[in-house]
Amino acid sequence: MHGPIPTPQATFPVKKYRTIWISDIHLGTRGCQAEMLLDFLKHTESDVLYLVGDIIDGWRMKRSWYWCQSHNDVVQKLLRKARKGTRIIYVPGNHDENFRDFTNHNFGSVSVVNEAIHVAADGKRYLVLHGDQFDGVVKFAKWLAYLGDSAYTAALAVNHWFNVARRRLGFPYWSLSAFLKKKVKNAVEYVSRYEDAVAAAARARNVDGVICGHIHCAEKRPMGDVIYCNTGDWVESCTALVEDDKGHIDILHWSDVRDLSIMGEHTACASSLSRTPGFLKSMVSFARSTRSGTG
C-alpha cells in the first residue's frame, strides 16, 4: 500500500545501539509500514536485535494476503543483518504462532524462543516476550480475538482513507485507532489490565523489567518495582526500543527521528485479488530467466 518514502536528508548517519527491540510488523497486510521499517533497518545497527512477535501476519494471510516487494526486502534485510553478525532473537507472537513450532531452534545467527531474559549493560534483567500469553481473550476465546482483529483491521482501513483526505488538505497523519485506544473506556481498561498482568509476571520472575509488544502501544514507565516497556508497532506508530552502551532504554519514534510521514504513496502490490501471489510471480520470473539463460 505504501510506496517509497521521501528522504529529507541525503546522508543520515547510521545509529549504533547495543540492543534493538521491534515487534508487530504484520508483514503480509496492507497496514504494514514496510518502507518505513526498511529505512529504520538501513540506518540502525545493533549487537542484538529482538523480533518481539507478530512479524508476519499468518492470521490475516489465511483470509487474504497482501505482499509488496518492500515486504520481501524487510525479510532479506533481517537475514542480511544476521549474516553480518547481528544476533537475532525471534520471539513469535499470536499472529505468527506457527513459528512457535520452532521454539529453541537456532538457524545460524537467528534463535527462536518463546521468551528470553535480556541482561542490559547496567546489569538489569528484563523478561522479553510478545505478551499475548496474558491476553485472556486470545488465550480462552480465540474466535473473539479474531473478531477483535477484524474490527482493528476495519479501523485501520477507515484510518487510511481518512488520512488520505487529511494529507490532501495539508494536515499531518492522525491515528484513529490510537485515539480510540486512549479515549474509549473499555480499550483503556483493557490496556491497563494487560500492562498490570505483564508487570506482575515480571515480578514473579524476579526481574527488573519486562519488554513486550502485542497491544501496539509504545510505552516505558515504572510500574511499582518493575519497569514496563512496550515496543509499539510498525503499522501506525513506527516505534522501536533501543538500548545504549550504558543500559539506558528509550523509545524511538522513527517517523519523528527522520521527519517522515507515516503514509507513503500508493504502489501496486500483489494481493489475494491477484491471480498469482507476488512471491510466486518472482519465482516464475526467476525460473524463466534461468531457463532462457541456459537454453
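# Briefing: a mixed sheet and its surroundings

In this predicted model, the chain has a mean pLDDT of 82. Of its residues, 73% reach 70 or more. An open sheet of seven strands organises the points below. Two glutamates get a closer look: E45 in strand β2 and E243 in strand β12.

**Confidence**

- Over residues 275–295, pLDDT stays under 50.
- For residues 275–295 the model has seven contacts beyond four places in sequence.
- Where pLDDT is low, the predicted coordinates should not be read in detail.

**The sheet**

- The strand order is β5-β6-β4-β2-β1-β12-β13, and the pairing is mixed.
- β5 (105–107) and β13 (249–253) are the edge strands, each pairing on one side only.
- On average, neighbouring strands of this sheet are turned by 25 degrees against each other, direction ignored.
- Strands β4 (residues 87–90) and β6 (residues 110–112) are parallel and share three bridges. Across this pair, I89 faces S111 in β6.

**Strand β1 and its two partners**

- Strand β1 (residues 15–22) runs parallel to β2, and seven bridges join the two.
- The connection from β1 to β2 passes through helix α1 (residues 34–42). This β-α-β crossover is right-handed.
- With strand β12 (residues 239–243), β1 pairs in the antiparallel sense over three bridges.
- I20 takes part on both sides. L49 stands opposite I20 in β2, and V242 is the bridge partner of I20 in β12.
- In a regular strand, side chains alternate between the two faces of the sheet.

**The helices**

- Seven of the nine residues of α1 are buried, so this helix is largely enclosed by the rest of the structure.
- Those buried residues are A34, M36, L37, L38, D39, F40 and L41.
- They pack against β1, β2, α3, β12, β13 and α8 (254–258).
- Helix α3 (residues 69–83) lies across β2, β4 and β6. Relative to β2, α3 runs at about 110 degrees.

**E45: buried or partly exposed?**

- E45 counts as partly exposed because its relative accessibility is 41%, and buried would require under 20%.
- E45 sits in β2, which spans residues 44–51.
- Its contacts, leaving aside neighbours within four places in sequence, are V14, K15, K16, Y17, I20 and K81.
- One of these contacts is I20. E45 and I20 are 25 residues apart in sequence, yet their C-alpha atoms are 8.3 Å apart in space.

**E243: how much of its area is accessible?**

- The relative accessible area of E243 is 0%, so this residue is buried.
- E243 lies in β12.
- Which backbone atom does the side chain of E243 reach? The side chain reaches the backbone nitrogen of A121, at 2.8 Å.
- Not counting residues up to four places away in sequence, E243 touches Y17, R18, T19, W21, H118, A120, A121, H248 and I249.
- Y17 appears in the contact lists of E45 and E243.

**In brief**

- β1 pairs with β2 in parallel and with β12 in the antiparallel sense.
- E45 is partly exposed, whereas E243 is buried.

Terms used
Residues are numbered from 1 along each chain as its sequence is written. This is a predicted model: local features need pLDDT of at least 70, side-chain atom pairs count only at pLDDT 80 or more; totals for chains, interfaces and linings use all residues. Side-chain values use heavy atoms; hydrogens and water are left out. Helices (H or I, at least four residues) and strands (E, at least two) are DSSP runs, numbered from the N terminus. Buried means under 20% relative accessible area, exposed over 50%, partly exposed in between (1.4 Å probe, protein chains only). Contact means heavy atoms within 4.5 Å. Two strands pair if DSSP finds at least two bridges between them. A crossover is right-handed if, with the strands pointing away from the viewer, the path from the first strand over the helix to the second runs clockwise. Axes are lines fitted to C-alpha atoms, for helices over the stretch in contact, and angles run from 0 to 180 degrees between N-to-C directions. pLDDT is the predictor's confidence in each residue, from 0 to 100. A polar contact is a pair of N or O atoms within 3.5 Å; within protein, one must be able to donate a hydrogen and the other to accept it, and residues adjacent in sequence count only if both atoms are side-chain atoms.
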